[in-house]
Amino acid sequence: SRVEYLNYEVLDDYGWSLSDEDLFEKAATTQLDVVDYGRFLVRPHESLLEAAENRGFAWPFACRGGACANCAVAVITGELAMPVNHILPSEMSDRGIRLSCNGMPMTETMQVVYNLKHLPELDDLQL
Ligand code: FES
């Protein structure tokens, strides 16, 4: 799966929103650091978090077991299966929020916003 990623902190910096229809178009046409925006491939049997780490990125995590939500991402296009989830309420998964530590891409391409632990609703969840 080919993943296009964007750092949630960039949204804050530029006044963008997760619901902006043209979020990734804006990201692609803005001079962003490769840490904040770019693409990588997820290999079979890699979770999204493992793929990011194996490609040299340091995405947030803590438990790696579906219990803390530090690894949360917002899936903008595509789908990420999440076999283990002990933390995200259904109203968040309904909005496309997923855990990257055990989340496996289910689509050929995906657009995800990572570093979602700074989303106010998620801050409230953290233990
Ligand atoms: Fe804790 Fe993913 S790292 S839920």
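**Sheet, aromatic contacts and selected residues of the predicted model**

No disulfides were found in a search of the whole structure, which is a predicted model. The burial of two cysteines was examined alongside this result. Cysteine 63 is partly exposed, at a relative accessible area of 37%. Cysteine 101 counts as buried, with a relative accessibility of 9%; the cut-off for burial is under 20% relative accessible area.

The strands were considered next. Five strands form an open sheet in the order 2-1-7-3-5, and the pairing in this sheet is mixed. The edges are occupied by strand 2 and strand 5 (97-99); each has a single partner strand, so one side of each lacks a neighbour in the sheet. From one strand to the next, the twist averages 35°. Within the sheet, strand 3 and strand 7 (residues 109-114) run antiparallel and are joined by three bridges. Threonine 77 has glutamine 111, in strand 7, as its bridge partner.

The aromatic side chains were then analysed. The structure contains eight aromatic pairs. In the pair formed by phenylalanine 40 and tryptophan 59, the ring centres are 5.7 Å apart and the planes stand at 55°, so the pair is classed as tilted. Phenylalanine 40 belongs to strand 2, whereas tryptophan 59 lies in the loop between helix 3 and strand 3; the pair therefore ties together parts that are 19 residues apart in sequence. Strand 2 is also one of the edge strands of the sheet. Both phenylalanine 40 and tryptophan 59 are buried. These two residues belong to one aromatic cluster, which is formed by Tyr5, Phe40, Phe57, Trp59 and Tyr114. A charged side chain was also found over an aromatic ring: arginine 64 lies over the face of phenylalanine 61, at a distance of 4.1 Å from the ring centre.

Two residues other than glycine were noted for their backbone geometry. Histidine 45 has a positive phi of about 75°. This histidine is placed in the loop between strand 2 (37-41) and helix 3 (48-54). Histidine 45 is exposed, its relative accessible area being 73%, and the cut-off for exposure is over 50%. In alanine 69, phi is likewise positive, with a value near 70°. Alanine 69 occurs in the loop between helix 3 and strand 3 (72-77), the loop that also holds tryptophan 59. At a relative accessibility of 1%, alanine 69 counts as buried. Thus a positive phi is found in histidine 45, which is exposed, and in alanine 69, which is buried.

Finally, the surroundings of glutamate 9 were examined. Glutamate 9 is part of helix 1 (residues 8-14). With a relative accessibility of 38%, this residue counts as partly exposed. Its contacts, once neighbours within four places in sequence are left aside, are with Asn115 and His118. The C-alpha atom of glutamate 9 is separated by 8.3 Å from that of leucine 116, although the two residues are 107 residues apart along the chain.

Technical notes. Residues are numbered from 1 along each chain as its sequence is written. This is a predicted model: local features need pLDDT of at least 70, side-chain atom pairs count only at pLDDT 80 or more; totals for chains, interfaces and linings use all residues. Side-chain values use heavy atoms; hydrogens and water are left out. A disulfide is a pair of cysteine sulfur atoms within 2.5 Å. Buried means under 20% relative accessible area, exposed over 50%, partly exposed in between (1.4 Å probe, protein chains only). Helices (H or I, at least four residues) and strands (E, at least two) are DSSP runs, numbered from the N terminus. Contact means heavy atoms within 4.5 Å. Rings of Phe, Tyr and Trp (its six-membered ring) pair if their centres lie within 6.5 Å; planes under 30 degrees apart count as stacked, over 60 as edge-to-face and the rest as tilted. A charge sits over a ring if NZ of Lys or CZ of Arg is within 6 Å of the ring centre and within 35 degrees of the ring normal. Two strands pair if DSSP finds at least two bridges between them. Axes are lines fitted to C-alpha atoms, for helices over the stretch in contact, and angles run from 0 to 180 degrees between N-to-C directions.
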